[in-house]
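Here is a friendly walk through one protein and its ligand surroundings. Have a look at the model first, and then read on.

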Amino acid sequence: MRVLVFPLDMDKVIGFIKNANALNIEVVGASSVMNNGDGFQIHAFHKLPFVTDAGFEAIFCELISTYSITHVYTPHGAVWSYLSNLKKKHVEHLPFSLCEPSPYNSDWLDLQPSYKWAECLLADDIVEQIELPGKVNVHKKLTKGQYASLHRQFLSISGQCDELKLLALSHIFRVLPKGDLVEIGSFSGRSAFAIGWLASVYKIGNLVSVDPWDNSKLEDQGEGAEILNKELNKGSEVIDLNKIFWSYIGAISLLNNAGYIKDISEKAIDDYTKASSVGFLDSPELGRISLTGKIAMLHIDGNHRYDYVCKDIDAWEPFVMPGGWVLLDDYVWAFGDGPKKTGDELLLTEKFDVAFTMSDTLFLRKCQQKGEV
Ligand SMILES: C[S@@+](CC[C@H](N)C(=O)[O-])C[C@H]1O[C@@H](n2cnc3c(N)ncnc32)[C@H](O)[C@@H]1O
């Protein structure tokens with residue numbers, strides 16, 4: 001199998017070539033504007049005239065036969081139509097497969113899961129159906145386009161939260177009081193992006209991500225989590241958390257309501273209280289955000305060992321305001337039971353008046369004081 005990628009000068013080819021290389025498929029690149037394939041991991045480069053040039057057809061047919069091309073990938077809609085017609089014209093001489101569907105259709109199909117997800121969300125009136133004690137302002141749903149864009153953007157960021165959790169997040173943002181949003185454990189920023197964006201459209205408040213992004217500062221997560229300990233902790237050759245920090249910055253920087261504290265949660269609480277007492281937090285890469293010191297939503301997704309989850313709760317939960325929410329990620333977890341044990345203990349307290357699980361997460365709403373919105 002040998003694939004011709006043409007034109008090489010389009011951004012979409014980067015992901016395609018990466019996947020082809022991962023599968024050990026030989027790639028020949030061609031372009032009508034570039035003079036070489038420097039910077040691309042390709043087997044060979046070939047300059048082609050524009051498809052509108054009279055000589056294109058003969059040169060292209062020659063290239064297909066010289067390199068024994070079996071498949072052609074093009075992300076260019078007009079080039080695709082041209083090649084599709086050319087193939088029909090020379091059925092015998094051009095025995096390559098052209099990528100299907102066409103680039104226009106492919107883009108359209110890529111969008112469909114996001115629209116489907118948005119339609120499911122819009123059809124679900126769970127917020128209207130749950131009885132929320134106290135006086136609660138219920139914000140209206142967003143538009144289909146907004147939800148679809150959120151879904152698309154969320155999935156483009158690597159991370160462990162899934163679309164079911166995004167669904168639950170999208171629902172509970174409609175009933176959040178105004179306050180700070182705190183996430184312990186942000187990794188590449190998938191859940192942080194969703195929390196920050198929803199907080200900004202509903203004008204809830206500003207997001208603080210708490211994460212050391214430093215392998216040497218991480219403690220192990222218990223015996224059951226050996227695989228994760230090896231991947232994440234000091235000396236790991238699999239995940240470099242410093243690089244992950246820059247993935248986080250890349251995911252979050254278009255939000256203007258996000259900041260971070262680069263430390264483990266038990267130390268970061270002091271920075272948070274200091275920042276909220278002066279009213280703002282400065283993050284070198286994201287600038288200044290204001291803070292209230294009252295947490296509308298606390299998402300706990302850091303170290304999942306029981307003693308660490310307990311420490312997170314002890315340090316941060318007192319700042320969660322009445323009517324605010326605590327989310328314990330990985331309440332259902334294959335590598336240990338820290339979040340489950342902590343969550344079950346919290347359920348036995350009388351601090352929370354609504355509790356449900358969705359995806360792997362336990363969602364808890366802190367009891368509201370009488371008359372509070
Ligand atoms: C499961 S990942 C978070 C996933 C993220 N919420 C997402 O949406 O994909 C866990 C993160 O917790 C961080 N972490 C581990 N121990 C921590 C601690 N004690 N305090 C704060 N963050 C911690 C790790 O650096 C890692 O980035």
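## Around the ligand

In this predicted model, the shell around the ligand is made up of 10 nonpolar, 8 polar and 3 charged residues. Which residues come nearest to the ligand? Of the 21 residues around the ligand, these are Gly 159, Gly 185, Ser 191, Ser 265 and Gly 302.

Next, a look at one strand in detail. Strand 6 covers residues 180–184, and 5 of its 5 residues are buried. Is the strand covered on one face or on both? Both faces are covered: Asp 180, Val 182 and Ile 184 lie on one side, Leu 181 and Glu 183 lie on the other, and all of them are buried.

Strand 6 also has pairing partners, listed here with one pair of opposite residues for each.

| Partner of strand 6 | Sense | Bridges | Opposite residues |
|---|---|---|---|
| Strand 11 (residues 295–300) | parallel | 5 bridges | Asp 180 and Ile 295 |
| Strand 7 (residues 207–210) | parallel | 4 bridges | Glu 183 and Ser 209 |

From strand 6, the chain reaches strand 7 by way of helix 8 (residues 190–201), and this β-α-β crossover is right-handed.

Finally, the overall layout. The protein chain is divided into two parts, with domain 1 spanning 2–100 and domain 2 spanning 109–366. Taken over C-alpha atoms, the centres of domain 1 and domain 2 are separated by 44 Å.

Terms used
Residues numbered from 1 in each chain as written. Predicted model: local features only at pLDDT ≥ 70, side-chain atom pairs only at ≥ 80, totals over all residues. Domains from an automatic or database assignment. Buried ≥ 20, exposed ≤ 12 C-beta atoms within 10 Å, placed from the backbone. Helix = DSSP H or I, 4+ residues; strand = E, 2+ residues; numbered from the N terminus. Pairing = 2+ DSSP bridges. Right-handed = clockwise from strand over helix to strand, strands pointing away. Near = placed C-beta within 6 Å. Nonpolar A, V, L, I, M, F, W, Y, C, P; charged D, E, K, R; others polar.
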